[in-house]
Amino acid sequence: MADRLAKEAARSDGTKYGYSRILISAIYREAAEEAILKWQEQWTKTSKAEATKQYFPTLMDRIWTKINLTSKLTAVLSGRSKTKAYLYRFNLREDVKCICDKDDQTMDHLFQCIETRKQRDWTKLHLSKQKNWLANNLELITK
Ligand SMILES: [Zn+2]
């Protein structure tokens, strides 16, 4: 049926079978792509979420990474962990020194601290592996 209509449309300069219908899935896909582009633009411009940007430099990095979010992982990825400095502010902790003993344990320090570097690198590598696996497999599926 589709072939016959396509041939008929190709042979004539006008046909009674106009194609005015757009697949709803095409509309959804186009809307999603547009939303992601706008979101990426905001993600790039904002000065907020610096901690999260260390793990997910682009929005697609986050979208491609399927992770089981827990409250602790969310706290780390968003830079809102209960550091010693944070707990000290509420009198829940007596000392604020990091385990490296070079500075107070704040989120800013933890992103630079040599003692937590292995954990940061492992998290980034783990997230990167998941992202690459998904990207490779989705690429194969869509071929
Ligand atoms: Zn430290």
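A residue is buried if 20 or more other C-beta atoms lie within 10 Å of its own, exposed if 12 or fewer, and partly exposed in between, with C-beta atoms placed from the backbone. The model is predicted: local features need pLDDT of at least 70, side-chain atom pairs count only at pLDDT 80 or more, and totals for chains, interfaces and linings use all residues. Residue numbers start from 1 along each chain, as its sequence is written.

**Exercise 1. S81**

Classify S81 by its C-beta neighbours, then find its contacts.

Solution.
- Step 1: locate the residue. S81 sits in the loop between helix 5 (71-78) and helix 6. Helices (H or I, at least four residues) and strands (E, at least two) are DSSP runs, numbered from the N terminus.
- Step 2: count. S81 has 17 C-beta neighbours inside 10 Å, so S81 is partly exposed.
- Step 3: list contacts. Two residues are in contact if their C-beta atoms, placed from the backbone, lie within 7 Å. Leaving out neighbours within four places in sequence, S81 contacts A75, V76 and M107.
- Step 4: check the distance to M107. The C-alpha atoms of S81 and M107 are 7.3 Å apart, at a sequence separation of 26 residues.

**Exercise 2. The whole chain**

State the element order and the share of buried residues.

Solution.
- Step 1: count elements. The protein has eight helices and zero strands.
- Step 2: read the order. From the N terminus, the elements run α-α-α-α-α-α-α-α.
- Step 3: take burial. Of the 143 residues, 7% count as buried.
- Step 4: take contact range. Among contacts with a separation of 6 or more, 41% come from residues 24 or more positions apart.

**Exercise 3. Helix 2**

Compare the span of helix 2 with the expected value, and state how many of its residues are buried.

Solution.
- Step 1: get the expected span. This is 1.5 Å times one less than the number of residues.
- Step 2: compare. Helix 2 (residues 24-45) has 22 residues and spans 32 Å from first C-alpha to last, close to the 32 Å expected.
- Step 3: check burial. The number of buried residues among the 22 is zero, so helix 2 lies largely in the open.

**Exercise 4. L59 and S128**

For each residue, give the helix, the exposure class and a C-alpha distance to a partner.

Solution.
- Step 1: L59. L59 belongs to helix 4 (residues 59-64). It has 16 other C-beta atoms within 10 Å, so L59 is partly exposed.
- Step 2: its partners. Not counting residues up to four places away in sequence, L59 touches I36, W39, Q40 and W43. L59 and W43 are 16 residues apart in sequence and 7.1 Å apart, C-alpha to C-alpha.
- Step 3: S128. S128 belongs to helix 8 (residues 117-142). With 14 other C-beta atoms within 10 Å, S128 is partly exposed. Its C-alpha lies 8.7 Å from that of Y55, 73 residues away along the chain.

**Exercise 5. Positive phi**

Give phi and the exposure class for A49 and D101.

Solution.
- Step 1: recall the background. Most residues other than glycine have a negative phi.
- Step 2: A49. Phi of A49 is near 60 degrees, a positive value. A49 lies in the loop between helix 2 and helix 3 (50-55). With 13 C-beta neighbours inside 10 Å, A49 is partly exposed.
- Step 3: D101. Phi of D101 is near 65 degrees, also positive. D101 lies in the loop between helix 6 (84-89) and helix 7 (107-110). With 7 C-beta neighbours inside 10 Å, D101 is exposed.
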